[in-house]
Amino acid sequence: MPTSIDDALGLELGRLLSSESDPASVHLAHGRQLHAAQRFADVEQLTLHAVAIHPDDPDLWNLRGVALRMLRQSDEALAALNHAVILRPDFVGALVNRGNVLMDLDKPDAADTSLRRAVALDPANALACNRLGRAQLLLGRADDAIHWFRAGLEIAPGNVVGWIELATVLDRLGRRPQTVEVLTAALVANPDHPQLLDRLILALRATGQRAEAVATLRSLLARKPDEALAHYHLGDLLRDTDPDAGQRHLRKALASDVANPNYAFALMQSLEAGGSLKAEGEALDEAYGLASIALASPALNGAQATVLQAVFARVVALSDLEVLDNARARLGARNEVFTGGLFHQIGRASTLERRRALLEQHRVWGRAATSAVTRAPLATRIRGSRAGKIRVGLLSSDLRSHPVGHIARPILEHLDRDRFEVSIYSHHDGPPDALQSQFSALVKAYHQWPGISSRTTAERIAADDLDILIDMGGHTHANRPDVMAYRPAPVQVSYLAYPHSVGLDQVDYFICDVHNRPLTPEALIETPLVLPESWIALS
């Protein structure tokens, strides 16, 4: 009966452990085979035996250190690697491995010393350069990290993980144009690599280069017409401007890879949002069919649950919503929330307990948005005293032919232009309509920025030196309440379109009326500003 590879490895391991006559090279060769098979406990056992027989072999001590690290025995790993370096001071591999362990132990200064020594001994060692970059990140030296990541990639441009690490650092620093450049170069070195393509498309969208993203995807599909990831991204990009084409691409993505839940959920979102030539009832039937299958998934996450909630709410599938509520409760801390999802939960906050839970979910979202700001805050702006008109910004993607636009039109038509100067900021992806054109004529500027990041939006708004920024979108489609987390204006307000706190401490006031003002202060994060003689119909 033939022996499997794993059995053969085990038989040889047993033989070596019972012998004291094999040379170090035999132990080392078999240890490396076991390591390649990810049998790290066996490597540890073998090397423990081997170093007792060959205590002066640095390669065996190095391999032992690597195995102990994989077993999360960091202190023992460090001791083994230190011994390897003592035996061979110019052992570059052991120096790099020691640097890895020192980073695991949160000792970046010592890791930096070990890794710099490795690079000095072998400047062409791409792995040493990369790990030195990681150490610089732990030391808070982002520019040095970028330098060493780039140095490693010049040596080994096929290192996809290295490209992604470099792009991630640049993105966190808010250097998104450089992120695009890096990912473009990464794809030149690694053509059509799916992870790099995914990151590039996201980076292009974050910098507002939607047309470039579409062109990149169409070019790839011309070469690889069945590339599921390209169909997925293109379908998502076209969701607002050409829903029919977007849904065709999403269906192709799902047909090519039915196991990828992202494709099914993206198609569900598009069908639920409507806007295609397909009858609304047919679209919702298709969305409900996909949602019913997805509801049974044991791996459902918070963002996916939110998509299901939107679909079930649209078709009034109350029993499915109850099942979903139970699933969301099981998610606990993993119950992520995202823009668009919170809005669908407002109508179901039928008890005080649910209302409090909903407010806490908004706060969870708000804390996540604020955390993103602390990683890449806006530059501090010094505002001087000035006279003249009060500068007001309206942050909304719905000041067009949309219920929010129709209700807000009288406000802008009767605006006191001697006192106020208004700018509108929109992320809507579609072409301007007649009502949007009217708004453009009534305000100082109507900025439409589809696809750009929230941080870039905040930078541009801050440059307008507003006195007040009013969010009129909240957690609804295409709106970006997280822009307010950057505080691009000294006074920030929520009004009209979203009948709930958005979840940010950076929003100072909530304009409401006597009908939609929360009955208890604990139900509102912002300070209420009550309009005494109005009725906000959208609420």
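His147 is found in helix H9 of this predicted model. Its relative accessible area is 46%. Since buried means under 20% and exposed means over 50%, His147 is therefore classed as partly exposed. Leu166 is 19 residues away from His147 in sequence, and the C-alpha atoms of the two are 9.3 Å apart in space.

Helix H9 covers residues 142-155, and it is part of what covers the buried residues of another helix, H8. The rest of that cover includes helix H6 (92-104), helix H7 (108-121) and helix H10 (160-172). The buried residues of H8 are Ala126, Ala128, Cys129, Asn130, Arg131, Leu132, Gly133, Ala135 and Gln136. Asn130, Arg131 and Gln136 are thus among the residues that count as buried there.

How far apart are the end C-alpha atoms of H8? The helix runs over residues 126-138, which makes 13 residues, and at 1.5 Å a residue it should span 18 Å. The end C-alpha atoms are 19 Å apart, so the model agrees with the expected span. At the N-terminal end of H8, Asn125 acts as a cap, with a side-chain oxygen 3.2 Å from the backbone nitrogen of Leu127. Just after the helix comes Gly140, which takes a positive phi of about 80°.

Helix H2 can be read in the same way. H2 takes in residues 24-36, again 13 residues. From its first C-alpha to its last it reaches 18 Å, close to the 18 Å expected at 1.5 Å a residue. Its buried residues are Ala24, His27, Leu28, His30, Gly31 and Leu34. H2 is followed by Gln38, and the phi of Gln38 is positive, near 60°.

Further along the chain, Gly405 has its place in helix H22, which is made of residues 403-413. Is Gly405 buried or exposed? Its relative accessibility is 0%, so Gly405 counts as buried. Leaving aside residues up to four places away in sequence, Gly405 touches Asp398, Leu399, Arg400, Leu435 and Phe439. Met472 lies 67 residues from Gly405 along the chain, and 9.7 Å separates their C-alpha atoms.

Ser423 belongs to a strand, E2, which covers residues 420-426. Its relative accessibility is 5%, and because buried means under 20%, Ser423 counts as buried. With residues up to four places away in sequence again left out, Ser423 touches Val392, Gly393, Leu394, Lys444 and Ala445.

These elements can now be placed in the whole chain. The protein chain has 24 helices and 7 strands. Along its principal axes the C-alpha trace spans about 95 × 60 × 50 Å. Of the 539 residues, 49% count as buried. Which share of contacts joins residues at least 24 apart? Among contacts between residues at least 6 apart in sequence, that share is 56%.

The last two points concern surface and charge. The protein chain exposes about 25,600 Å², and carbon and sulfur atoms supply 54% of that area. Its side chains include 55 positive and 64 negative ones, and the centres of the two sets lie 4 Å apart.

Notes
Residues are numbered from 1 along each chain as its sequence is written. This is a predicted model: local features need pLDDT of at least 70, side-chain atom pairs count only at pLDDT 80 or more; totals for chains, interfaces and linings use all residues. Side-chain values use heavy atoms; hydrogens and water are left out. Helices (H or I, at least four residues) and strands (E, at least two) are DSSP runs, numbered from the N terminus. The expected span of a helix is 1.5 Å times one less than its number of residues. Buried means under 20% relative accessible area, exposed over 50%, partly exposed in between (1.4 Å probe, protein chains only). Contact means heavy atoms within 4.5 Å. A polar contact is a pair of N or O atoms within 3.5 Å; within protein, one must be able to donate a hydrogen and the other to accept it, and residues adjacent in sequence count only if both atoms are side-chain atoms. Accessible areas come from the Shrake-Rupley method with a 1.4 Å probe; for residues, only the protein chains shown count as cover. Lys and Arg count as positive and Asp and Glu as negative; His and the chain ends are not counted. The place of a charge is taken as NZ of Lys, CZ of Arg, CG of Asp or CD of Glu.
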